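Please walk through this structure with attention to how its aromatic rings, charged groups and helices are arranged against one another.

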Amino acid sequence: MQAEHTAQMGQAAQSEQTPMVRGRVVIENVQPEIDAGRFAIKRVPSEKVAVTADVFTDGHEAVSAVLVYRRESETHWTEAPLIPLANDRWQAEFTVTHVGQYRYTIRAWLDHFKFWQRAMVKRIEAGQDISVDLQIGAELVEAALGRVQGPDRAALEMYASALRTGGPLAVQSALSEDLAGLMYRNAARDPLVTYSRELRVTVDPTRARFSQWYEFFPRSCWQPGCDHGTFKDCEARLDYAASLGFNVVYLPPIHPIGNTHRKGKNNSTVAQPGEVGSPWAIGSHEGGHKAIHPQLGTLDDFRSLVQRARDMGIDLALDIAFQCSPDHPYVKEHPQWFRKRPDGTIQYAENPPKKYEDIYPFDFESEDWQAMWQELRSVILYWIEQGARVFRIDNPHTKSLSFWEWCISTIKRDHPHVIFLAEAFTRPKVMYYLAKIGFTQSYNYFPWRNTRWELTEWMTELTTTEVKEYYRPNLWPNTPDILTEFLQVGGRSAFMSRFVLAATLGASYGIYGPAYELGDNHPIAYSKEEYIDSEKYEIKQWDVSSPQSIAPLIARVNQIRRDNAALQSNEGLRFHGTTNDRLIAYTKSTLDLDNIILAVVNLDPFYTQSGMVDLPVEEFGIDPYRPYQVHDLLSDNRFMWSGRQNYVELNPQNLPAHIFSLRVGSRTEHDFDYYM
């Protein structure tokens, strides 16, 4: 025991006498960095990754540093010089170009030549004798010659000779920016200090950032003389969605529906003969998650619909709901995957006081969890093989978070273009964690944010805090499960204003239609957010040609989104003051200010609201003392404004919003004609 203790003491003494690292540069507070590098930030191709870090050393020595980055599949690192900001803060950026994974980190070193050159400037300005200092500089340059070949070597030899010779040419050489560049490129970088972590970027397809989703039930796309829609019938609804400008069409589950405890109309616990049940009660003797409801068509019909959509520039999104009806083949084949009650029966799903007798949830604590995980992942892989590449995941927060992290990471390793939308109406930390572990986009609290303060606080959190690096909100004003009180009582104008908010506040949004554009606002009961005669439990007939439809507004706004790059990103969102809190005003702009959109929305669905909008025009490059034009892209009217504050008035029964394009540039006589 004494010998062992003595050996340990000796090792400790040796450790104290031999430092592990001799580098004097410190690198810390690197941003963006999510949970100490545990999770990746997110981008799409052509987006920049702006990286900042604190980099410093002891004393007065000069430091140089680079941001290094590479694609996951590459071994070679590309460098971008870090530029000093203030207080030892540095910044650099790089642009991602390919879908997949990237890595980045920081490297830094003591830059002796930079330190020498800075000191020389001060000595020369002070009129001091610099003859010895010139020789020191020559030694630094000559030391670099051993590391250099080609044109740089010849240039360095010339500068070394000039420094040795002395005189005016030596002084000129000592201050040369060209020499500084040569020495930077060929610095010894010894010892080189590298940040302790390699940080990651997940680069998703562009549709992950900018998308407009349209949800409809395939079985309600039926034709006269039929009682159930098919995939072939869906093609007409697909044409309709395309005419409105949607680029993602989302279908609720397309699988066989169970018969045991099938839900009837309005979620009745007893289904009447012929009632179709909920598509989320997946599985029957006809198959489970890899099968298609026989009345919808065949697998070939599905593949044809996917291809038809793709030809129209639309991605077909499938619902992945990991739960089973009592009739699902999994229940008989793998009963150990489900939780049992004391009487031996399988526990159905509950969210008290709600009961879902037609659904069995998977038990993610099952002893056979590994086989279950593999099988569930194979469901998604199966539909990828059939052509799907966008998935809406039902209630992911009620399944194992570890499962999703493993499942999504392994799928995106081989299929990086796949997009996962989380239906995560849950607590903030859980919602954000789902995004960290891989979900591409997420539902959120937008349906219940109605006041100016609520909308401003929520969207500011999503677009200006660390959350923006990994969380992409998808704003839905309604879903088959959510009919908010605002929509119930606000009438047609409420549907219009909430739509404009969703489509202009967020780069991605979605609606459940045709219920939304037709203004279905009938709840099952007072204070309930569920539809009466919900399409979840019955086949509906929708008249999409109704004159009351707000489809023309939807089509116009989607065209505006396509035409204006500022609306295709969540960056550049800024809220602006109004003298009336029933009006909300905000701008979205591109980084170069080439495209600036100002939205003003009346949040009152009943009464005309007016007030002054306070716009910091100077920050947008607009002269506050000269008139400038605003073009309302919704009404096509043009107005001449002047200065920071301008008057707006919105009647919700007509158009409850302005979507202005700000013209920042030269004006002509013609501009003033619109004002007159």
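In this predicted model, counting rings whose centres lie within 6.5 Å of each other gives 45 aromatic pairs. One of them joins Trp 641 and Phe 660, whose ring centres are 5.2 Å apart and whose planes stand at 70°, so the pair is classed as edge-to-face, the cut-off for that class being over 60 degrees. Because Trp 641 belongs to strand S27 (residues 638-641) and Phe 660 to strand S29 (residues 657-662), this pair ties together parts of the chain that are 19 residues apart in sequence. Both Trp 641 and Phe 660 are buried.

Aromatic residues also gather into a cluster, formed by Phe 322, Phe 364, Trp 369, Trp 373, Phe 391, Phe 403, Trp 404, Trp 406, Phe 420 and Phe 439. Among these members, Trp 373 also takes part in a packing of helices, being one of the residues of H10 that touch H11. Helix H10 (residues 369-385) and helix H11 (residues 401-414) have axes 11 Å apart and pack at an angle of about 40°, which makes H10 oblique to H11, and their crossing is right-handed. From H10 the contact draws on Trp 373, Gln 374, Leu 376, Arg 377, Ile 380, Leu 381 and Ile 384, while H11 contributes Ser 402, Phe 403, Trp 406, Cys 407, Thr 410 and Ile 411.

Ile 380 of that contact leads on to Ile 320, since, leaving aside neighbours within four places in sequence, Ile 320 is in contact with Val 379, Ile 380, Phe 391, Arg 392, Ile 393 and Asp 394. Ile 320 itself lies in strand S13 (residues 315-320), and its relative accessibility of 3% means that Ile 320 counts as buried, the limit for that term being under 20%. The C-alpha atoms of Ile 320 and Pro 396 are separated by 9.5 Å, although these two residues are 76 residues apart along the chain.

A second pair of helices can be read in a similar way. Helix H14 (residues 485-505) packs with helix H15 (residues 551-563) at an angle of about 15°, with the axes 11 Å apart, and H14 and H15 are therefore roughly parallel to each other; the crossing is right-handed. Here Met 496, Phe 499, Val 500 and Ala 503 of H14 meet Leu 553, Ile 554, Val 557 and Arg 561 of H15.

Charged groups over rings complete the picture. Arg 498 lies over the face of Phe 486, at 6.0 Å from the ring centre, and the charged end of Arg 237 sits over the ring of Phe 216, 5.7 Å from its centre.

Conventions:
Residues are numbered from 1 along each chain as its sequence is written. This is a predicted model: local features need pLDDT of at least 70, side-chain atom pairs count only at pLDDT 80 or more; totals for chains, interfaces and linings use all residues. Side-chain values use heavy atoms; hydrogens and water are left out. Rings of Phe, Tyr and Trp (its six-membered ring) pair if their centres lie within 6.5 Å; planes under 30 degrees apart count as stacked, over 60 as edge-to-face and the rest as tilted. Helices (H or I, at least four residues) and strands (E, at least two) are DSSP runs, numbered from the N terminus. Buried means under 20% relative accessible area, exposed over 50%, partly exposed in between (1.4 Å probe, protein chains only). A charge sits over a ring if NZ of Lys or CZ of Arg is within 6 Å of the ring centre and within 35 degrees of the ring normal. Axes are lines fitted to C-alpha atoms, for helices over the stretch in contact, and angles run from 0 to 180 degrees between N-to-C directions. Angles under 35 degrees count as roughly parallel, over 145 as roughly antiparallel, 65 to 115 as roughly perpendicular and the rest as oblique. A crossing is left-handed if the near helix is turned anticlockwise from the far one by less than a right angle, and right-handed if clockwise. Contact means heavy atoms within 4.5 Å.
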